[in-house]
Amino acid sequence: MVVRFKHRFDSILECITTLGFILMLLCVVMQVVFRYVVHVPIPWTEEAARYFLIFVTFWGGAVAIRTREHISIPVLLDRLPKGASLFIQLIFIVAMGIFLVVVFRGSVVMTALTWNSPVGSIHWLTLGRVYLILPTGTSLMLIYLVAWALEILKELRDIIKVKAG
């Protein structure tokens with residue numbers, strides 16, 4: 001039951017992030033076509049593309065952490081014994097977690113402060129709603145970091161059992 005929910009949640013997250021990327025791409029294409037072909041620029045497309053980029057960055061970051069496709073340089077970790085490599089990965093996860101908690105706290109404050117501040121050319125949208133992308137994205141990243149840390153702790157426990165046993 002839990003595994004099915006996790007797989008469904010992961011799939012939905014990937015679909016939503018992919019949709020955000022497609023919408024960003026469409027905004028950019030519309031901006032270019034209307035500005036240089038039709039010669040009638042649409043003012044909201046640049047802003048919308050920027051906000052979709054922020055969305056894809058933060059929510060896509062969660063997908064990258066889940067699939068372990070975030071930026072890393074595994075040269076050193078690949079040369080270390082398995083236990084040492086896992087321990088260093090755990091240190092990196094804790095460091096990423098601390099950074100994300102700081103970003104989360106700041107983004108919650110920013111979201112609250114700008115909740116009713118209007119956005120330039122998209123009249124129905126407010127900056128607070130745009131900034132809502134940050135605490136939701138960092139929350140998703142933190143959830144996946146915790147899951148990753150638990151996997152590493154389980155592997156470390158298994159290594160210790162084998163050595164002790």
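**Figure 1. Buried residues of helix α4 in the predicted model.** In this predicted model, the residues of α4 that are buried are Ser 85, Leu 86, Leu 90, Ile 93, Gly 97, Leu 100, Ser 107 and Thr 111. Their cover includes the helices α3, α5 (127-131) and α6. Helix α4 itself runs over residues 82-113, a total of 32 residues. From the first C-alpha of α4 to the last, the distance is 46 Å, close to the 46 Å expected at 1.5 Å a residue.

**Figure 2. Surroundings of Thr 138 in helix α6.** Thr 138 belongs to helix α6. Is Thr 138 buried or exposed? Thr 138 has a relative accessible area of 0%, so this residue is buried. Leaving aside residues up to four places away in sequence, Thr 138 is in contact with Phe 58, Leu 100, Val 103 and Phe 104. One of these partners, Leu 100, is also listed among the buried residues of α4.

**Figure 3. Helix α1 and its buried residues.** Helix α1 comprises residues 2-37, which makes 36 residues. At 1.5 Å a residue, a span of 52 Å is expected for α1, and the end C-alpha atoms lie 51 Å apart, so the two values agree. Which residues of α1 are buried? They are Asp 10, Leu 13, Thr 17, Gly 20, Met 24, Cys 27 and Gln 31. Helices α2 (44-66) and α6 (133-164) are included in what covers them.

**Figure 4. Val 28 of helix α1 and Ala 49.** Val 28 lies in helix α1. Its relative accessibility is 37%, and Val 28 is therefore classed as partly exposed. Along the chain, Val 28 and Ala 49 are 21 residues apart, and their C-alpha atoms are separated by 6.3 Å.

**Figure 5. Two loop residues with positive phi, His 39 and Arg 68.** Most residues other than glycine have a negative phi. His 39, which follows α1, has a positive phi, near 65°. The residue is located in the loop between α1 and α2. With a relative accessible area of 61%, His 39 is exposed, because the class of exposed residues begins over 50%. Arg 68 likewise has a positive phi in a residue other than glycine, with a value near 60°. Where does Arg 68 lie? Arg 68 is in the loop between α2 and α3 (75-79). The relative accessibility of Arg 68 is 30%, so Arg 68 counts as partly exposed.

**Figure 6. Ile 54 of helix α2 and its contacts.** Ile 54 is part of helix α2. With 27% relative accessibility, Ile 54 counts as partly exposed. When residues up to four places away in sequence are not counted, Ile 54 touches Ile 133 and Leu 134. A further pair in this view is Ile 54 and Leu 142, which are 88 residues apart along the chain, with 17 Å between their C-alpha atoms.

**Figure 7. Thr 126 in the loop between α4 and α5.** Thr 126 is placed in the loop that joins α4 and α5. At 11% relative accessibility, Thr 126 counts as buried, because buried residues are those under 20%. Which residues does Thr 126 touch, not counting residues up to four places away in sequence? The contacts are Thr 114, Trp 115, Asn 116, Ser 117, Pro 118 and Val 119. Thr 126 and Thr 111 are 15 residues apart in sequence, and their C-alpha atoms are 9.8 Å apart in space. Thr 111 is one of the buried residues of α4.

**Figure 8. The chain that frames the close-up views.** The chain contains six helices and zero strands, in the order α-α-α-α-α-α along the sequence. Its radius of gyration is 20 Å, whereas a compact globule of 165 residues would have one near 15 Å. Along the principal axes, the C-alpha atoms fill a box of roughly 75 × 35 × 35 Å. Of the 165 residues, 32% are classed as buried. Among contacts in the chain with a separation of 6 or more, 72% are between residues 24 or more positions apart. The accessible surface amounts to about 11,200 Å², and carbon and sulfur atoms account for 74% of this area. There are 15 positive and 9 negative side chains, and the centres of these two sets are 5 Å apart.

Note on methods
Residues are numbered from 1 along each chain as its sequence is written. This is a predicted model: local features need pLDDT of at least 70, side-chain atom pairs count only at pLDDT 80 or more; totals for chains, interfaces and linings use all residues. Side-chain values use heavy atoms; hydrogens and water are left out. Helices (H or I, at least four residues) and strands (E, at least two) are DSSP runs, numbered from the N terminus. The radius of gyration is taken over C-alpha atoms; the globule rule is 2.2 Å times the number of residues to the power 0.38. Buried means under 20% relative accessible area, exposed over 50%, partly exposed in between (1.4 Å probe, protein chains only). Contact means heavy atoms within 4.5 Å. Accessible areas come from the Shrake-Rupley method with a 1.4 Å probe; for residues, only the protein chains shown count as cover. Lys and Arg count as positive and Asp and Glu as negative; His and the chain ends are not counted. The place of a charge is taken as NZ of Lys, CZ of Arg, CG of Asp or CD of Glu. The expected span of a helix is 1.5 Å times one less than its number of residues.
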